[in-house]
Amino acid sequence: MNVMNSVQMLEFSQKGDERGHLVIVEGMEDVPFEIKRIFYIYGSDKDVVRGQHANQESEFVLINVAGTSKIKVKDGKGNEAIYSLNRPHTGIYLPKMVWKEMYDFSPDSVLLCLASTHYDGKEYIRNYEDFIKIINGDAK
Ligand code: TYD
């Protein structure tokens, strides 16, 4: 299956009441992996582009729990898609081996990232040319 077809927006359960909102995200229930790690990104200026890498092992779900941002996803074969994250109860699922760029952060953006792995810098592909070579099977 084309990896771009597995990139998808997720909508999480909301159990808000008169006291306020509550959104639930459970591993293997609301996201398709056990959550091993969370990190969050905030304080990025509007002209900053983050990410710019692909992961050989990690899957992610990204949620703008506050504010907004955009995610550009590329498969290295010429296909790309742009998603807007703008509601605290929606997220985007990113499978392994997609190139991702996060940008257009609002000043109040808090981008929560759920990951299927513990951090291992060696599984990151940070050079786009290397990514294309690996995707096309001609890495050295
Ligand atoms: P980086 O991957 O460049 O962030 P982004 O994808 O948001 O642009 O990570 C920034 C730094 O933080 C880099 O030195 C690696 C480190 N880092 C960790 O140590 N653990 C983690 O879980 C993450 C995501 C990053």
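User: I'd like to learn to read this fold. Which strand is joined to β6 (residues 60–66) by three bridges, and which way do the two run?

Analyst: Glad to help. Three bridges link β6 to strand β9 (residues 90–94), and the two strands run antiparallel. One pair to find on your screen is Val-61, whose bridge partner in β9 is Tyr-93. Keep in mind that this is a predicted model.

User: What is the order of strands in the open sheet that includes β6 and β9?

Analyst: To read a sheet, step across it from one edge to the other and note each strand. Here the open sheet has five strands in the order β1-β9-β6-β11-β4, paired antiparallel. β1 (8–11) and β4 (37–42) stand at the edges with a single partner strand each, so one side of each has no neighbour in the sheet. From one strand to the next, the twist averages 25°.

User: There is another open sheet of five strands, which includes β5. What is its order, and which strands stand at its edges?

Analyst: The order is β8-β7-β10-β5-β12, again with antiparallel pairing. β8 and β12 are the edge strands; each has a single partner strand, so one side of each is left without a neighbour in the sheet.

User: How many bridges join β5 to strand β10 (residues 99–103), and how many join β5 to strand β12 (residues 124–125)?

Analyst: Three bridges connect β5 with β10, running antiparallel, and two connect β5 with β12, also antiparallel. You can check the register residue by residue. Gly-51 has Glu-101 as its bridge partner in β10, and Arg-50 stands opposite Met-102 in that strand. On the β12 side, the bridge partner of Ala-54 is Ile-125.

User: How should I read the hairpin of β7 and β8? How many residues lie between the two strands?

Analyst: Look at the pairing, then at the turn. Strand β7 (residues 69–74) and strand β8 (residues 80–85) pair in the antiparallel sense over six bridges, with Ile-71 opposite Tyr-83 in β8. Five residues lie between the two strands of the hairpin, and Gly-76 in the turn has a positive phi of about 80°.

User: Now the ligand. Which residues are around it?

Analyst: Start with the shell, then sort it by strand and by character. The residues around the ligand are Arg-37, Phe-39, Ile-41, Arg-50, Gly-51, His-53, Tyr-119, Tyr-124 and Arg-126. β4 and β5 (50–55) each supply at least two residues of this shell. By character, the shell divides into four nonpolar, two polar and three charged residues.

User: Which protein atoms lie 3.0 Å, 2.8 Å and 2.7 Å from an oxygen atom of the ligand?

Analyst: Say for each contact whether the protein atom belongs to a side chain or to the backbone. An N or O atom in the side chain of Arg-50 is 3.0 Å from a ligand oxygen. For Gly-51, a backbone N or O atom lies 2.8 Å from an oxygen of the ligand. For His-53, an N or O atom of the side chain is 2.7 Å from a ligand oxygen. The protein covers 60% of the 530 Å² of accessible area that the ligand has on its own.

User: What caps helix α2 (residues 128–135), and what follows the helix?

Analyst: Check both ends. At the N-terminal end, Asn-127 is the cap, with a side-chain oxygen 2.9 Å from the backbone nitrogen of Glu-129. After α2 comes Gly-137, which has a positive phi near 75°.

User: To zoom out, how many helices and strands does the chain have, and how compact is the chain?

Analyst: The chain has two helices and twelve strands, in the pattern α-β-β-β-β-β-β-β-β-β-β-β-β-α along the sequence. Its radius of gyration is 15 Å, close to the 14 Å that the globule rule gives for 140 residues, so the chain is as compact as a globular protein of that length. Along its principal axes, the C-alpha trace spans about 60 × 35 × 25 Å.

How values were computed: Residues numbered from 1 in each chain as written. Predicted model: local features only at pLDDT ≥ 70, side-chain atom pairs only at ≥ 80, totals over all residues. Heavy atoms only, no water. Pairing = 2+ DSSP bridges. Helix = DSSP H or I, 4+ residues; strand = E, 2+ residues; numbered from the N terminus. Axes fitted to C-alpha atoms, helices over the stretch in contact; angles between N-to-C directions. Near = heavy atom within 4 Å. Polar contact = N/O pair within 3.5 Å; in protein donor to acceptor, adjacent residues only side chain to side chain. Areas by Shrake-Rupley, 256 points an atom, 1.4 Å probe, with all protein chains shown as cover. Nonpolar A, V, L, I, M, F, W, Y, C, P; charged D, E, K, R; others polar. Rg over C-alpha atoms; globule rule 2.2 N^0.38 Å.
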